[in-house]
There are 4 protein chains.
Amino acid sequence: MPLAIPHPDDEPTRHRILRVSAGLFRQSGYPAVSMRRIADACGMTAGSIYHHFPSKDDIVAAVLNLGTDAVGEAVSAAISDTTNEPAALRIRRAIHAHLRALHEHSDFTSANVRIFGQLPDPVRTRNLESRRRYEKLWDRFLSDLKIRGGIRTDMPVEAMRLLLIGALNATLEWFDPHKGAVEALANRYSDLLLNGFLPSDRVST
Amino acid sequence: MPLAIPHPDDEPTRHRILRVSAGLFRQSGYPAVSMRRIADACGMTAGSIYHHFPSKDDIVAAVLNLGTDAVGEAVSAAISDTTNEPAALRIRRAIHAHLRALHEHSDFTSANVRIFGQLPDPVRTRNLESRRRYEKLWDRFLSDLKIRGGIRTDMPVEAMRLLLIGALNATLEWFDPHKGAVEALANRYSDLLLNGFLPSDRVST
Amino acid sequence: MPLAIPHPDDEPTRHRILRVSAGLFRQSGYPAVSMRRIADACGMTAGSIYHHFPSKDDIVAAVLNLGTDAVGEAVSAAISDTTNEPAALRIRRAIHAHLRALHEHSDFTSANVRIFGQLPDPVRTRNLESRRRYEKLWDRFLSDLKIRGGIRTDMPVEAMRLLLIGALNATLEWFDPHKGAVEALANRYSDLLLNGFLPSDRVST
Amino acid sequence: MPLAIPHPDDEPTRHRILRVSAGLFRQSGYPAVSMRRIADACGMTAGSIYHHFPSKDDIVAAVLNLGTDAVGEAVSAAISDTTNEPAALRIRRAIHAHLRALHEHSDFTSANVRIFGQLPDPVRTRNLESRRRYEKLWDRFLSDLKIRGGIRTDMPVEAMRLLLIGALNATLEWFDPHKGAVEALANRYSDLLLNGFLPSDRVST
DNA sequence: AATGAATGAGAGTTCATTCAT
DNA sequence: GATGAATGAACTCTCATTCAT
C-alpha cells in the first residue's frame, strides 16, 4: 500500500508543505532550498511554516523518512506472496518496484536519494533507522533466494544489495521518466544485473 | 599517467587552492565549504583567493574537470595496450582503475562524484564536456568489446555504461578505503557485473 | 492588607495571566518572556490572551503597578499605628516590610524591580504614577520622623529614600530567600542604614 | 590609571564598536540594541561588525569587562597610598571614585550596571571573574579598615559591601550627571553610609 | 472565550565578493 | 600577490499581533 498523500484540494497544510518541499529538494538540493522558497511555493510566508514544523531540518527529516518508507513499502508489496515464483522473476519485481517508486511514485523517494549526501549529520541520523529497515528487507530477500539456490552463493548479500541499490539510485541522475519508460529501464537493468555483461555462453574466471 | 600534482614544496598557489578545495568538497560538500574555509586551509585570506580564481564557481569547475579527467586518464591508461587480452580481464582492469581513482588516487575524483548533484546548473554545464569525454571512452571501449564478441550484444553500450559507472560511483557513499581494500571491492564488483546475480549454470529468461 | 490575589481554583483568567506573567518576568526578564511562553504557562494559546489584554505591554504595565502597589500597601500597613514607637523601630518595620514584599510576598514585587530597567519608555511611564505614590509614602514617613527628631535633620529625605530603596532593591540580584532568612537580612540592613559603617563611638566629619 | 579609550579621530574600528555599543546598551538595554542598530550608529553594516567580533555576545562581554575593570581601577587608584588616612576619608575616596566612574567616566561602567540583569547566563558568566575581582577589592579594603578599628566590627564585610555597592549602583536609575554634581551626590551618600540615618547623638538598639 | 493559522517585521549570523592599501 | 575591512543579500528562526472559525 503506497503512502496516503491526500488530494491537493483538501490537503492539510502540513502535507502540502512536505509535498512541495520534496519537489524542491529533488529539483535543487537541500541547501539551495530556503524556507522562503518553500513558503513561496506553498503560497504562505516563511514564518507561517514554523506553525507546522519546528525547523527546516524537521521538514527534511519528514521528507526523507516518507521517501524511504515509500520505497520500502513498494518493494515489500511487490515481492510478498511471490515465494513460489522463480528467483529471477522475483528480483525483477523488486527492481521494477524500486525504480517505479523512484521515478513515478512521488518526489519523496527521489528527493531522498538526491539530498541524502548533502545533509548535516544530525538530519542523516534521523533517517538511518528507516534506511536500515530497507536494507534489511533486501538482505532478507536475497538471503532467502540464496538458500533456495536462486542466486549465486559465492557473494555476500550485502555486496549484492549495495551494488544493486547503488546502480538503481544512480539512474536518478540521468533518467527522465517523461522521455523514457520506467518499465523499459527496469527490464534492461534487471537483465544486466541478473545475467551480467558477458555473453550468455561464457563465464568469466 | 596520472595528473601531475606538484609537490607541496614548490606547488603553485593555484594548484594548492584546487587541491585543498577538492579535499574540502569531498569531505563536506559544495555548499558547506565557504571561501573562507578554503582560504584558512590554504593559509591565506579569502580575498587573496580571488587573485587566482575569479569566483568560487571557477574553483569548483576546475576541481570537477580535474576529477573527471583524472578518472578518464586512469581508465584510459589501464586499458591501453590490452587489446589482446580477454574481454573480462579488460573490463576488470577498467573497473579497478575507476575505483582506485575514486578511493585512492586523489580528492579530485571523489569530490567530483560527491558534489556534482549539489551544484547549480551553470557550474554543472562546465563539467559536461569532460564528462561526455569519459562516457565516450567507455562507450568506445564497450563497443569494441561487443564487436569482438567479448560482451553481450543484446544491450546498448550506453545502458551498460550507465549501470556500471552508477554502481561504481555509488560506493563513495559507504566504502571506507581504510577498512577495506579497494582491490577486494573491485574484484567483487567486477565479478557481479560481469557474471550477474544468478548462479553460473542458469540463465534468466 | 496584602493584595487580594484569588485562589487558583476560581481565579479569573485575567488574574491567572498576571500572576503567571509576573513569575516569568521575575525569572527570565521582560524580553525573554514571549506571549507564547505566558500562554503555555497559563495552559492556553497566545491568541487567547488577547481576549484579556490588548497587548503585551498592557500585561507588563499591570504587573508593574500591582507590584508597586503591593510594596506600598505592605510598608504602609507596617508603619501605620506605630506613631508612638521609636524612630529606629519604625524604620526597621518599614525595611522589613519592603524586603519581605520583595523576597517572600509575591512575584509582582520582585518582577517589578527586576524588569523595570529593561522596559521601553512608554511602559515605564505607565508605572511612574504608582512609583511616585510609593516614594511619597516614604518621604512623608521620613519627614515625619525628622520633625519628631527621630532621624538626622541635615539630609533631605529624598536622598535618604533613594539610598535606602536603592540598597534594598539591589538585594534582588544576589539574595536567595531559600538559603538565608529575610529577617536576618532585614536586621542587618536596618542596622547598617540606621547606624552607618563607622564604629558607634565615632562620628565622621 | 583609567582605561585608554583612543580619540575618535584615529580610533580603531574595534574600539569604536565597543564605545558605541556601550552607549547604546546603557541607553536602551541589551535586547533592544540589535546588531543593525550598532552598525548604523557606527556607520557600517551589520555584517561588517562580524569582522571585528564573532558575535553580539562577544561585544557585550567586552563591554562588561571593560566596565567592571574601569571601576575597579578607579577605586583601586583612589585608595592606594592612603593607608595612613582616617577610615572615613578612605571610604569617602572609594565611594567618590566608584560614583565618578559610574556617572562621568564612560558608558562602559554604566552600561555594565544597567544590562547585567538582562543578560543570558553564558554572557554573565564571562563577566563574573572581573566582578569577583572588584568585590574582593572592596572586601580586602573593608577588612583592612576593620582590623585598624576604622569601621564597625559587628558586621561581616560582605554585607557592608553588598549594601554599599547596591546603593551606589542604584543611583544610575535616577541620577542625571548633567543636572547635578557627582561630587555632591558622593558626599551625601558617603555621609549617610558612614554615619547612618539616625541623629549623631543616638545609637539604635 | 478560545483556538490555530497566518502574517510581517526583525532578530543574529553567514557568505561570495570587492577594493584600497 | 596578498591583506583586511567592508558590503549587501540571503539565511534560519522568533515574535507580537490579527482574525476567521
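DNA strand E is surrounded by 29 residues, the closest being Gly47(A), Ser34(B), Gly47(C), Ser34(D) and Gly47(D); a residue is near a strand if its C-beta atom, placed from the backbone, lies within 6 Å of it. This is a predicted model, in which local features need pLDDT of at least 70 and side-chain atom pairs count only at pLDDT 80 or more, while totals for chains, interfaces and linings use all residues. Residues are numbered from 1 along each chain as its sequence is written, and chains are lettered from A and ligands numbered from 1 in the order in which they are written.

Two or more residues of the surface near DNA strand E come from each of helix 3 (46–49) of chain A, helix 2 (35–42), helix 3 (46–49) and helix 4 (56–79) of chain B, helix 3 (46–49) of chain C, and helix 2 (35–42) and helix 3 (46–49) of chain D. Helices are DSSP runs (H or I, at least four residues) numbered from the N terminus.

Between protein chains, 35 residues of chain A are in contact with 35 residues of chain B, and 35 residues of chain D are in contact with 35 residues of chain C; contact requires C-beta atoms, placed from the backbone, within 7 Å. On the side of chain A that touches chain B, helix 5 (87–105), helix 8 (157–170) and helix 9 (182–195) of chain A each supply at least two residues, and helix 8 gives the most, with eight residues.

The table gives the composition by class (nonpolar: Ala, Val, Leu, Ile, Met, Phe, Trp, Tyr, Cys and Pro; charged: Asp, Glu, Lys and Arg; polar: the others, Gly among them).

| Surface | Nonpolar | Polar | Charged |
|---|---|---|---|
| Near DNA strand E | eight residues | 16 residues | five residues |
| Side of chain A that touches chain B | 20 residues | eleven residues | four residues |
| Side of chain D that touches chain C | 20 residues | eleven residues | four residues |

Terms used:
Two residues are in contact if their C-beta atoms, placed from the backbone, lie within 7 Å.
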